[in-house]
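Work through the exercises below with the sequence and the 3D view open. Try each task before reading its solution.

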Amino acid sequence: MTMGFLDNTYIGNILTAVKSLLTGLGVTLREFFTRKVTERYPENRKTQHISERHRAMLRMPHDEEGNNKCIACGLCQQACPNGTISITTRTVTDEESGKSKKVLAEYHYDLGACMFCQLCVNACPKGAIEFTNEFENAVFDRKKLIMKLNR
Ligand code: SF4
Ligand code: SF4
């Protein structure tokens with residue numbers, strides 16, 4: 001804002017300084033009465049709300065009988081840009097039809113290498129994997145971050 005004849009004068013400079021001081025104090029005062037968003041973690045662990053869409057860890061849901069939806073197609077492994085997923089398969093033969101098919105043997109996921117991009121979940125044609133929002137996953141040994149997701 002210009003102050004006309006007061007610009008660049010001694011009094012003008014004082015007025016400019018007072019104005020900017022009041023502007024700053026106004027911001028401080030407004031923030032003082034604004035609802036605080038700082039989390040008192042971990043004291044608030046029991047009441048803390050984590051957004052459902054927060055990506056913390058990949059998991060493979062299982063039904064009550066312990067079955068998952070994975071068809072061992074390997075698309076998630078291919079979609080992963082940094083080799084976080086490692087799948088091993090085995091071949092089973094149907095006794096009645098005599099046909100063989102590939103099934104999932106082990107599904108390994110390295111949480112320590114995951115960058116939570118969700119490309120694996122998007123690539124899965126069966127909705128067999130998803131992200132949980134369970135975020136407290138710190139460990140002292142990185143090997144413990146490599147998990148077998150299928151039962
Ligand atoms: S979220 Fe990304 S980095 Fe993590 S396992 Fe899936 S594709 Fe790989
Ligand atoms: S989790 Fe999905 S994409 Fe990955 S192997 Fe199983 S079915 Fe295929």
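**Exercise 1: the ligand shells**

Task: Sort the shell residues around ligand 2 by class.

Solution. The shell around ligand 2 holds eleven nonpolar residues, one polar residue and one charged residue. The classes are fixed: Ala, Val, Leu, Ile, Met, Phe, Trp, Tyr, Cys and Pro are nonpolar, Asp, Glu, Lys and Arg are charged, and the others, Gly among them, are polar. In total 13 residues surround ligand 2, and C70, C73, C76, C124 and A128 are the closest. A residue is near a molecule or strand when its C-beta atom, placed from the backbone, lies within 6 Å of it.

Now take ligand 1. Its shell also has 13 residues, with C80, T84, C114, C117 and C120 nearest. By class they are ten nonpolar, three polar and no charged.

Two notes on the input. This is a predicted model, in which local features need pLDDT of at least 70, side-chain atom pairs count only at pLDDT 80 or more, and totals for chains, interfaces and linings use all residues. Residues are numbered from 1 along each chain as its sequence is written, while chains are lettered from A and ligands numbered from 1 in the order in which they are written.

**Exercise 2: domains and helix α1**

Task: How far apart are the C-alpha centres of domain 1 and domain 2?

Solution. Start with the bounds: domain 1 covers 4-33 and domain 2 covers 57-148. Such bounds come from an automatic or database domain assignment. The C-alpha centres lie 60 Å apart.

Task: Why does the end-to-end distance of α1 agree with its expected span?

Solution. Helix α1 runs over residues 10-33, 24 residues in all. Helices (H or I, at least four residues) and strands (E, at least two) are DSSP runs, numbered from the N terminus. The expected span is 1.5 Å times one less than the number of residues. For α1 that gives 34 Å, and the end C-alpha atoms are 35 Å apart, so the two agree.

Next, check cover. The count of buried residues in α1 is zero. Buried means 20 or more other C-beta atoms within 10 Å of the residue's own, exposed means 12 or fewer, and partly exposed lies in between; C-beta atoms are placed from the backbone.

**Exercise 3: residue R53**

Task: Is R53 buried or exposed?

Solution. Locate R53 in the loop between α1 and β1 (57-59). R53 has 8 C-beta neighbours inside 10 Å, so it counts as exposed. In sequence R53 and F131 are 78 residues apart, yet their C-alpha atoms are 8.1 Å apart in space.

**Exercise 4: the sheet**

Task: What is the strand order of the open sheet?

Solution. The order is β2-β3-β5, with antiparallel pairing. The edge strands are β2 (85-93) and β5 (146-148), each paired on one side only. Neighbouring strands are turned by 25° on average, direction ignored. Pairing needs at least two DSSP bridges.

Now go pair by pair. Nine bridges join β2 to β3 (residues 100-110). Across them, R90 stands opposite V103, T91 opposite K102, and V92 opposite K101. Three bridges link β3 and β5, where D110 stands opposite I146.

Methods. Axes fitted to C-alpha atoms, helices over the stretch in contact; angles between N-to-C directions.
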